[in-house]
Amino acid sequence: MASALSYVSKFKSFVILFVTPLLLLPLIILMPTKFVRCAYVIILMAIYWCTEVIPLAVTSLMPILLFPLFKILDSKQVCVQYMKDTNMLFLGGLIVAVAVERWNLHKRIALRTLLWVGTKPAQLMLGFMGATAFLSMWISNTATTAMMVPIVEAVLQQMEATSTATEAGLGALELVDKGKSSELPGSQVIFEGPAMGQRENCDRKSMCKAMTLCVCYAASIGGTATLTGTGPNVVLLGQMHELFPDSKDTVNFASWFGFAFPNMLIMLLLAWLWLQCIFMGFNFKKCWGCRLERSNEKAAYKVLQEEYRKLGPFSFAEVNVLLCFFLLVSLWFSRDPGFMPGWVSVAWVEGETKYASDATVAIFVAMLLFVVPSQKPKFNFCSQTEEERKTPFYPPALLDWKVTQEKVPWGIVLLLGGGFALAKGCEVSGLSEWMGKQMEPLHVLPPAAITLILSFLVAVFTECTSNVATTTLFLPIFASLVKTGLMMNIIGVFCVFLAVNTWGRVIFDLDDFPDWANVTHIET
């Protein structure tokens, strides 16, 4: 049996890559209509995306090849979808995130937050989740998690080492800096030392699981709060502009933040309570560290202080990156806040046309990062040494293209473009209209029920399309993920349902059906 499975696994990628298109061919042979041909492309890409038999970014390029061949869209119409306003918004946000990461500003924010909240178990978990969620609002979930996991690892190992040394009478142990985050996956916390009580050992392991998992969940939750925090939010913006061109600026950075940020806070708080309950038990004294040894708290605090000390004082580059970041956020919020005229109305509005968008702001600040210096210019021309006279007067900028090219995940930009191309194909081919007709029975349900159904469907679908390789790598902690993940999905669906049917109704005026969403045209 094992040999048969290994044989199947050996040819799995080959079969999926080459046999899947052949198996789907009867679909377009039996029903040779444009929307069926579009459905063929979408199903094929979905299978390739889920199984990753070829890279995700490469799969995203398939509409450029298949849509013209199947006479769905011409090449010019397809290619323009890969570099739209929404893609530029996301790209600008990614470049700003690269600058934040390059000068370790994200690490300084995270450590400062942890030192502020305290080192009792509940406080520490809340600090990890709060810092991770805040950073994930502005930089990618992956980068945030990769930066936070080594900090979690270091704190947990030092707490364990201090506890073991105290019991053995060996004194304090020194923390070894692991260096690269790729060498520190959350499942590698190793416990050494004399034997301890089974219950106490189990409690410590549970706390380690909770601290590691909380970072992963907080990164996903935090990314929902801003329009550029995660890819799906940007996809929503692009799809709205594509499917409903008359929607104008209904969804922008300010309106999305007003809707999603409270939802993110509620979701984060409920996730924190659930992780506390499932791993540490609902025990106030235990959760808030009344039974935890003071030596462990001091050890954790010492690690955080030492890591923060290594960063040194605020550098000139960090200050400039922080100023650029504040400029970006303030321009985003004040461009068109909705409740008052924004700066865009001063000179960049003519009739119904708004010339400046959130993408304009993102690219402006991104370009500033290649201009603003990373060091103080030296004006002491008279007292300069011979070596200083040879150096250029203007210091290097905060970013250079080599670093940006290496750090920006260009595959995500192509992934977004592929999604927009599919949306355009669905619209032109009539697939969107056909799918809408299949969902007509849902019109008897109230909007709140439809929201709940769609939220559950999306939550289930994202669980099914997880990365197969990642699942294999993290198989040892799969039991913990299943136990916590089901409730996390329920929490997420509940929070989205609450947000859409409360403050979301006011922000987006959901009680009235907008004219721009009416795609029914009657020809006379």
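This report describes the cavities, a surface patch and some salt bridges of a predicted model.

**Cavities**

Searching the whole structure gives two cavities of 30 Å³ or more. The largest has a volume of about 80 Å³. Its lining consists of Val100, Leu105, Ile109, Phe134, Leu135, Trp138, Ile139 and Phe325. Helices α8 (105-117) and α9 (121-136) are the elements that give two or more residues to this lining. Sorted by class, the lining has eight nonpolar residues, with no polar and no charged ones.

The second largest cavity has a volume of about 60 Å³. Among the residues that line the second largest cavity are Gly93, Val96, Ala97, Thr228, Leu328 and Trp332. Val100, Trp138, Ile139 and Phe325 line the largest cavity and also belong to the lining of the second largest. At least two residues of the second lining come from each of α7 (85-102) and α16 (316-335). The most is given by α7, with four residues. By class, this lining has eight nonpolar and two polar residues, and no charged ones.

**A nonpolar surface patch**

On the surface, Leu22, Leu25, Ile29, Leu30 and Met31 form a nonpolar patch, and together they have about 530 Å² of accessible area. Leu30 lies in helix α2 (residues 12-30). Leu30 counts as exposed because its relative accessible area is 70%, and exposed means over 50%.

**Salt bridges**

The count of salt bridges comes to six. The table gives three of them, including their N to O distances.

| Pair | N to O distance |
|---|---|
| Lys107 and Glu307 | 3.6 Å |
| Glu307 and Lys310 | 3.4 Å |
| Asp358 and Arg335 | 2.8 Å |

Lys107 and Glu307 form a salt bridge. This pair links distant parts of the chain, with Lys107 in helix α8 and Glu307 in helix α15 (residues 294-311), 200 residues apart. Glu307 also meets Lys310 in a salt bridge. Glu307 and Lys310 are three residues apart in helix α15, so about one helical turn separates them. Lys107, Glu307 and Lys310 are thus linked in a network of salt bridges. Within this network, Glu307 is buried, at 11% relative accessible area. Lys107 is partly exposed at 22%, and Lys310 is partly exposed at 44%.

The side chains of Asp358 and Arg335 meet in another salt bridge. This pair too links distant parts of the chain: Asp358 is in helix α18 (residues 358-368) and Arg335 in helix α16, 23 residues apart. Asp358 counts as buried, with 6% relative accessibility. Arg335 is buried as well, with a relative accessible area of 2%.

Note on methods
Residues are numbered from 1 along each chain as its sequence is written. Side-chain values use heavy atoms; hydrogens and water are left out. On a 1 Å grid over the protein atoms alone, a cavity is a set of points where a 1.4 Å probe fits but cannot get out, and a pocket is an open set with protein on both sides within 12 Å along at least five of seven lines; lining residues have an atom within 4 Å of a point. Grid points are joined across faces, edges and corners, and a volume is the space filled by probe spheres set on the points. Ala, Val, Leu, Ile, Met, Phe, Trp, Tyr, Cys and Pro count as nonpolar, Asp, Glu, Lys and Arg as charged, and the others, Gly among them, as polar. Patches are made of residues with over 30% relative accessible area and no salt bridge: like charges are joined within 9 Å, nonpolar side chains (Val, Leu, Ile, Met, Phe, Trp, Tyr) within 5 Å. Accessible areas come from the Shrake-Rupley method with a 1.4 Å probe; for residues, only the protein chains shown count as cover. A salt bridge is a side-chain nitrogen of Lys or Arg within 4 Å of a carboxyl oxygen of Asp or Glu. Buried means under 20% relative accessible area, exposed over 50%, partly exposed in between (1.4 Å probe, protein chains only).
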